[in-house]
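User: I'm new to this structure and would like to learn how to read it. Could you walk me through it step by step?

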Amino acid sequence: MHTLLKIFFLLTAGGIILSSCTKTAEGIQGPQGPGGSNGNSATDQRSGITGYVQLVDQFTQALSENDSVVVSTTMGDSALSVETDATGLFLLPNLKSGTYRIMFKRNGFDSLAVNVKHSAGNEDKFIGIVQMAGTQTTHFVSQSIQLLPSPFDNVSKYADMLTTITGPPITGNTQRFINMYFSSSAMVNANNYLYLFQTYTHNEGTNQFETQAFFGGTEINSTRFQAGDTVYVKTYIVPPYFFQNYATSWFDTNTYKSIAYPYIGDSTLNYFIWAN
Amino acid sequence: MPGPAGPPGTNGTDGSLLDTGTVYGNLVVYNEFSWPIADSSGVSVSLNVGSTVHTTTSDASGNYYFHGLPSGTYNLTYQKTGFGTMKVFGISHSPGSSINTEVNEVYILQDPVKTAIDSITVNETYSYVQVRIYLDTSSFSYIQYQYNFVLLIGKDPTLTQANATYSPYNQFISPDGQGTYSVIVDRGQLGGDDHSGGTYYLTVGTCNRWLRAFANPNPLFDTGLSGYYIDPSDGKYVYPNLKLSPNTITIQ
């Protein structure tokens with residue numbers, strides 16, 4: 001019963017539409033419409049800047065989820081910001097021609113900036129893959145240094161250094177890389193030193209590793225030490241060498257300096273007393 | 001009574017900057033043995049200006065030019081029959097000064113023909129897996145370069161450089177003096193640092209330009225210089241002349 005009623009109404013409605021369609025409009029044609037708007041200005045062409053971020057943890061393992069990296073830039077006084085998706089894809093849309101400083105940030109990873117020349121036009125500017133490295137989270141707990149006579153001759157000596165660190169126990173997957181700078185000055189650092197000793201951990205299975213730096217005679221890099229002199233040692237956690245082969249540097253337009261990437265980690269200053 | 005006014009006309013066409021300039025670059029053509037071909041002519045290079053395709057051809061030195069291009073961002077495609085299709089994305093062209101826009105050098109790599117692999121076999125012992133690669137070397141005038149093979153081993157039946165657990169980038173596949181090529185892989189290395197046994201899949205491919213594969217940590221091949229590109233649609237590395245698929249063998 002209800003179905004029949006519906007069909008009846010449908011037929012009736014259809015009849016009304018058909019009859020209205022058969023009526024023809026009569027009268028005088030209206031005036032011409034207004035002209036179209038102007039085309040876009042040539043100087044205001046825009047297109048996006050796009051690319052991918054690949055996250056790599058502090059031990060150089062590539063991550064499969066690359067989301068939530070904040071990618072930001074400025075255009076004039078406007079600040080623009082987007083986030084990557086799980087594949088690492090980002091798109092900063094509608095940018096005019098110009099040079100952009102694009103910043104990449106995510107908690108737990110070293111931030112960086114990339115300068116991009118952009119010419120707008122019909123295509124988005126694809127800048128490829130930007131690799132972001134996990135921040136070195138290892139900290140120094142303690143370090144003891146002893147100067148010992150070399151077992152190989154009567155002149156050489158070596159510094160035997162026992163270092164304890166935080167973070168996961170040292171294995172092949174959590175290898176740490178170390179730079180040790182030696183100096184007669186307590187102001188020793190990566191730019192002010194007599195001798196650089198680079199080393200790495202092995203498969204200790206603990207949070208402690210032992211390293212040995214050898215010295216010939218009574219000198220460190222032509223600086224003579226006498227019994228009782230203090231030798232300062234500044235030790236840094238550095239990003240893995242292997243990763244450094246792939247590392248880039250970025251140009252800081254605030255300081256006009258090139259910044260090596262990824263960044264150096266924790267450091268500790270210790271000393272030992274020279275003995276003849 | 002006149003009807004209402006008609007709709008507005010279509011918008012005027014977008015303005016374009018009067019300045020135009022040249023986008024140019026150089027390419028090097030390599031044969032399947034990784035040797036540069038002296039004559040680099042005949043590579044078709046194309047780009048789009050709006051919906052219009054502009055095409056030019058490289059000269060014998062590998063130079064190519066697009067004159068009179070308006071300001072914009074351009075994507076270039078390089079094609080030659082028998083060679084992998086190379087692409088370059090995101091060239092920023094802002095003409096108006098005396099400096100034209102130079103595209104970094106790219107490599108055009110021949111697809112494998114003589115170096116196409118006929119078959120591979122695997123001999124397993126308790127601690128090693130020996131992989132032998134067969135291809136017809138009868139027409140070779142010199143020995144196939146050892147870097148021209150890439151070996152991937154992994155747990156995924158559809159192996160790619162991204163999911164391979166092992167790829168010997170420092171353990172090259174060498175001629176074995178019997179017309180084949182071989183490499184011996186330590187079983188303990190198959191699964192990376194946590195070898196857990198089970199079924200592994202193995203693929204050998206040919207390529208050129210000293211291609212090395214880094215399975216881990218960086219899931220990419222290193223072709224030395226500009227022998228690959230990154231696909232903007234998925235962010236994956238594309239190796240235009242790498243042929244991997246037909247040689248999958250299971251290691252128990």
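Analyst: Happy to help; we'll go from the overall make-up to single residues. Please keep in mind that this is a predicted model.

User: How many helices and strands are there in chain A, and how many in chain B?
Analyst: Chain A has two helices and 18 strands. Chain B has zero helices and 18 strands. In chain A, 27% of the 276 residues count as buried, and in chain B buried residues make up 35% of the 252 residues.

User: Where in chain A does pLDDT stay under 50?
Analyst: The general idea comes first: where pLDDT is low, the predicted coordinates should not be read in detail. Here, residues 3-23 of chain A stay under 50, and the model has zero contacts beyond four places in sequence for them. Over the whole of chain A the average pLDDT is 86, with 86% of the residues scoring at least 70.

User: Into which domains is chain A divided?
Analyst: Domain 1 of chain A covers 45-133, and domain 2 covers 140-241 + 264-273. Their C-alpha centres lie 39 Å apart.

User: What share of the contacts in each chain joins residues at least 24 apart?
Analyst: Looking at contacts with a separation of 6 or more, residues 24 or more positions apart account for 65% in chain A. The corresponding share in chain B is 63%.

User: How do I read a sheet, and what is the strand order in the open sheet of chain B?
Analyst: Strands of a sheet pair through backbone hydrogen bonds, either parallel or antiparallel. Chain B has an open sheet of three strands in the order 4-1-7, with mixed pairing. Strand 4 (63-70) and strand 7 (101-109) of chain B are at the edges; each has a single partner strand, so one side of each has no neighbour in the sheet. From one strand to the next, the twist averages 25°.

User: In which sense do strand 1 and strand 7 of chain B pair, parallel or antiparallel?
Analyst: They run in the parallel sense, with seven bridges between strand 1 (residues 20-30) and strand 7. As a spot to look at, Val29(B) is opposite Ile108(B) of strand 7.

User: And in which sense do strand 5 and strand 6 of chain B pair, parallel or antiparallel?
Analyst: Strand 5 (residues 72-79) and strand 6 of chain B pair in the antiparallel sense over six bridges, and Leu76(B) faces Val88(B) in strand 6. The two strands form a hairpin with six residues between them, and Gly82(B) in the turn has a positive phi of about 90°. Strand 6 (residues 86-93) is mostly covered, with seven of its eight residues buried.

User: Which residues other than glycine have a positive phi in chain A?
Analyst: Most residues other than glycine have a negative phi, and most peptide bonds are trans. Two cases to look at here are Thr60(A), with a positive phi of about 75°, and Ser68(A), with phi near 65°. Thr60(A) is in the loop between strand 1 and strand 2 (70-75) of chain A, and Ser68(A) lies in the loop between strand 1 and strand 2 as well. Thr60(A) counts as buried because it has 21 C-beta neighbours inside 10 Å, while Ser68(A) has 14 and therefore counts as partly exposed.

User: Where is the cis peptide bond?
Analyst: It joins Tyr261(A) and Pro262(A), with omega about 0°. Pro262(A) is in the loop between strand 17 (257-260) and strand 18 of chain A.

User: What does Leu269(A) touch?
Analyst: Leaving out residues up to four places away in sequence, Leu269(A) touches Tyr232(A) and Lys234(A). Leu269(A) is in strand 18 (residues 267-273) of chain A. With 15 C-beta neighbours inside 10 Å, Leu269(A) counts as partly exposed.

User: Is Gln198(A) buried or exposed?
Analyst: Gln198(A) counts as exposed because it has 11 C-beta neighbours inside 10 Å. Gln198(A) is part of strand 11 (residues 195-200) of chain A.

User: Finally, how many residues does each chain bring to the contact?
Analyst: The contact takes 43 residues from chain A and 36 residues from chain B. On the side of chain A that touches chain B, strand 7 of chain A supplies the largest share, five residues. The residues of that side divide into 13 nonpolar, 26 polar and four charged.

Note on methods. Residues are numbered from 1 along each chain as its sequence is written. Chains are lettered from A and ligands numbered from 1 in the order in which they are written. This is a predicted model: local features need pLDDT of at least 70, side-chain atom pairs count only at pLDDT 80 or more; totals for chains, interfaces and linings use all residues. Two strands pair if DSSP finds at least two bridges between them. Helices (H or I, at least four residues) and strands (E, at least two) are DSSP runs, numbered from the N terminus. Axes are lines fitted to C-alpha atoms, for helices over the stretch in contact, and angles run from 0 to 180 degrees between N-to-C directions. Two residues are in contact if their C-beta atoms, placed from the backbone, lie within 7 Å. Ala, Val, Leu, Ile, Met, Phe, Trp, Tyr, Cys and Pro count as nonpolar, Asp, Glu, Lys and Arg as charged, and the others, Gly among them, as polar. pLDDT is the predictor's confidence in each residue, from 0 to 100. Domain bounds come from an automatic or database domain assignment. A residue is buried if 20 or more other C-beta atoms lie within 10 Å of its own, exposed if 12 or fewer, and partly exposed in between; C-beta atoms are placed from the backbone.
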